[in-house]
Amino acid sequence: MQNKGAIRFFTIVLALVSVYQLLFTVFAQKVERDARNHAKGDIRLERSYLDSMKGEVVYNVLFKKYTYQECKEREINLGLDLKGGMNVILEIAVEDIIRSLAAPQFLSDPAFTGTMKLAHQKKTNSQSDFVDLFAEAFEELNPGGQLAQFFMTPETRGEIDFNTTNAEVVAYLKREAESAIDNSYNVLRNRIDRFGVVQLNIQKLERQGRILVELPGVKEPERVAKLLTGTANLEFWTTYQAAEVWKYLDQANQALADIQAAEAEVSAGEDQATTAPETAEEGESILGIQDDELLLDTSGLDLLTDLDSTQAFNDEEAQFYNENPLLAVLTPYLDNQRNFIPGSTVGVVRLKDTAKVNEYLRIPQIRQIFPSDLKFAWHFQPDGEEKLFIRLHALKATRNNQPAMDGKYVTDARVGTDPYTGEFNVSMNMNSEGAKKWANLTRENVGEALAIVLDGLVYSAPRVNEEIKGGSSSISGNFSQAEADDLANILKSGKMPARARIESSEVIGPSLGAKSVKDGLHSFLIAFVVILAYMIFYYSRGAGMVADIALLANMFFLIGVLASLQAVLTLPGIAGIVLTIGMSVDANVLIYERIREELNAGKNLKVAIRDGYKNAYSAIFDAQITTFLTGLILFFFGTGPIKGFATTLVIGILTSLFSAIILTRLTYERMLIKGRNITFDTKITRNAFKNANIDFMGKRKVFYLISGLIILAGVVSLATRGLNMGVDFTGGRNYVIAFKQEVETTDVQSNLENAFGEAPTVITYGSKNTVRVTTKYLIDDERPEVDSIIKAQMFEGLQPYLESDVTLDDFLNGQEYIISAHKVGPTIADDIKRVAVIVIFASLLIIFLYILARFRNWQFGFGALAALMHDVLIVVGLFSLLRGVMPFSLELDQSFIAAILTVVGYSINDTVVVFDRIREFVGLQKKRERREIFNTALNSTLSRTFSTSLSTFFVLLAIFIFGGEVIRGFTFALLIGVVVGTYSSLFIATPLVYDTIKKGETTRVLKGTVRK
């Protein structure tokens, strides 16, 4: 072996670098362990301890000192599925950006609103960005029309005029959209930085407008979602007094009664709920509401009526409800003397009735009753300890239907406390221009209330006692400290140029993360011990121990490289490491089988080891490269946990090649120098497969028939029963919910069907007290608070299974019940399906081209490709056939695609080893019959096939049994894949090559495969 000194030097450097990188994790964990011991369960004390340690030096090496904060930033990153946290894909609403750039007079123009509506429809099933869809929709509705007319404003003077072409307008819109997205990215990063998350990841994705945010360790997902999606659209509105508004509300109440009476007559006495007539399409404002709507904003309040929408009325109550539909749900805001309380609050509404009020106020006939400058707005949170009621405010718009002043003048915001009540508030400072406007506004409204509105909700509406100079103001609203901190954070970070919608999200509770770590470590240790024991059992203590040492070194280098690259270790990543263990054994097995063949040929130990390594290289590299290529495709096209799996697989292949080939060779040469006797078998395994003489080619048609029948059964099942498509491909939401007692899934499904109005899918998840709920309910709803609405309805539906003292807040934020939540929006689901198809076909094409290049004829490429298609069809078909039979979920998601590609890599690994032996035999035994060459090649690799397949199967079996529910379906696909892949490499791939080579062309074709 040449360059031994350089190899030893590289090994030592790699080991030192691995130790250096791993120590960051060791010291960071030590500080956190000390914090837990110091705090004794007090989370605030633990956090305070860690904050105090951020600047303290905890790691000193080679004259370089590292603080705890620096160690934390360099430690091994655990994925959200291992440590808990939140993964969100946000989509910036480019349509909002286009609206903000349009001239105000066109916002309600049918040509503009029609174009926006059609573009939004096209977006559902398109991968194009919204600006292109907008231009396409405009051309479709207005052939030959000019886009420039919509965007000629004082701000665009010099850029857009009547001579500007549509292409130039599109280019301008794309520049502005990209600038707004960059601004949104910076605003989001500022907000998250102030939130104090360690090891956060925020990055712009390839598709326009999408931003990925990963927040490890977050324990308040609802609070974070609100922080991410708030636009920080701060406004100051003048207001109406309640007494002024109630004369209009009385008229509206009477008009509603008349409308309902007329509808009752039309329905011929049928008992039906009052519904509002559909309004005509109007132009939409930047907030996404109609410009002439009576309500300023209803996000997060609609549909709460469904929490308790059915009530039993006696005759007297029913009569009052029919005669006073508005007064039945809107109660005047009065003092003890039944007088209107001065201020902007006109009344209070039960939270469940807000949707009904919204519905009434949207009716065109009702809108006409009120002054054109009147806008209603909800308070930002319910009142009272039980939070059952919420206030409705009356705002007064300016002549152009806008607030009196917006928040662009605010320069700073900070949390303070009221000196008299001790309540938290947020103080704001304005620039000089804003200070002048604020002084004028307060001077003109002395004695009146000014409403401070954020994102369409009223946070406070204080009475102005005198002119306020200096540009200072404050927002008070019975805030908690966290709410005040978040509000100040949002205001300081700045206004988002457009809404941010959560298109996809995943929340993993810390308890599920801790269980995943435990399950992952158990499966890893069991698999590791199984492999170590097997190598000693099959190849003797000497050779087995060398392979085991190489395996230990491989694990050490793999973890060290992961730490150096600051790669994220996920649960599928642990599965990738464990799978790497099984696959890394393959290189040792190939070498050992070759050495055994050389010893059986009569060569001495030294020569046998040398020639064994030399002859094994081709099969090792061909087999590992095909798997490596599959891993690369997964890495570049996969996201989240799948990318974590691909990362560990790719790095593991590289480190296993180094350990199995280089380190073991150095070890054996050292042992030979010392004169040690080395054996590569035991008494039990010495003659295993030695005299195998199976006529594979003679029985090939039998196996064609068996495969054909299995594939046919799978195809029939796919056509009739289909597949259990996960939310990754269909869109929807998954919730993993834990209860204190065992529950029946059918009962839970029935209760949630009553809550949602449609039946979700409910399955047992691991234990009988844990279920997974899958639903597409409101998946197309784009309101920021829709997730909270769904969870609130779920809370009501699950009341029979929850303790009596559990509150809605406990259910939403405690993570004791909802231990995992996963949402995939329709557009994200379409993207995942598209990428899945690309990934699978790209993998098959690359493997075909590699085999074609290595073996220099199409027959080998065809045999390999057909075997891979055979394996994929059988695995997919079995997932359909066994759907509903197995006691765990067999749904298709991103993990299943990763499993399919891993099966492809494993199967081609097996197949290439056989092809390589055929290539070798053709060169050595040119006069032998084609059938004999193929049969001999297959029989000579049986020992290797058995060892690799059995060891890999038991490794996967350990993951399947002990790895936890999260990856059980994933590992089941891999288990099937190992069996089917081994079968196809023996009975499908090689026989197909045999059948596609014509008898007269055998020598010519096979000769092309011989290595020069």
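This report describes aromatic pairs, charges placed over rings, and the surroundings of one alanine in a predicted model.

## Aromatic pairs

The structure contains 43 aromatic pairs. One of them joins Phe27 and Tyr59, whose ring centres lie 5.0 Å apart with 25° between the planes. The pair is stacked, because planes under 30 degrees apart count as such. It links distant parts of the chain: Phe27 belongs to helix α1 (residues 4–39) and Tyr59 to strand β1 (residues 57–61), with the two positions 32 residues apart in sequence. The two partners can also be described by their accessibility. Phe27 has a relative accessible area of 25% and is therefore partly exposed, whereas Tyr59, with a relative accessible area of 3%, is buried.

A further pair is made by Phe236 and Trp438. The centres of these rings are 5.0 Å apart and their planes meet at 55°, so the pair is tilted. Here too, distant parts of the chain are linked: Phe236 lies in strand β7 (residues 234–239) and Trp438 in helix α14 (residues 432–444), 202 residues apart. Phe236 counts as buried because its relative accessibility is 0%. Trp438 likewise counts as buried, at 5% relative accessibility.

## An aromatic cluster

Aromatic residues also occur as a group in this model. One cluster is formed by Tyr534, Phe537, Tyr538, Tyr539, Tyr592, Tyr668, Phe680 and Phe946.

## Charges over rings

Two arginines are placed over aromatic rings, as described here in turn. The charged end of Arg665 sits over the ring of Tyr613, at 5.2 Å from the centre of that ring. Arg968 lies over the face of Phe960, and the distance to the ring centre is 5.8 Å.

## The surroundings of Ala439

Helix α14, which holds Trp438, is also the place of Ala439. Is Ala439 buried or exposed? Ala439 is buried, because its relative accessible area is 9% and the term applies under 20%.

When residues up to four places away in sequence are not counted, Ala439 touches Glu467 and Ile468. Gly471 is 32 residues from Ala439 in sequence, while the C-alpha atoms of Ala439 and Gly471 are 7.2 Å apart in space.

Methods
Residues are numbered from 1 along each chain as its sequence is written. This is a predicted model: local features need pLDDT of at least 70, side-chain atom pairs count only at pLDDT 80 or more; totals for chains, interfaces and linings use all residues. Side-chain values use heavy atoms; hydrogens and water are left out. Rings of Phe, Tyr and Trp (its six-membered ring) pair if their centres lie within 6.5 Å; planes under 30 degrees apart count as stacked, over 60 as edge-to-face and the rest as tilted. Helices (H or I, at least four residues) and strands (E, at least two) are DSSP runs, numbered from the N terminus. Buried means under 20% relative accessible area, exposed over 50%, partly exposed in between (1.4 Å probe, protein chains only). A charge sits over a ring if NZ of Lys or CZ of Arg is within 6 Å of the ring centre and within 35 degrees of the ring normal. Contact means heavy atoms within 4.5 Å.
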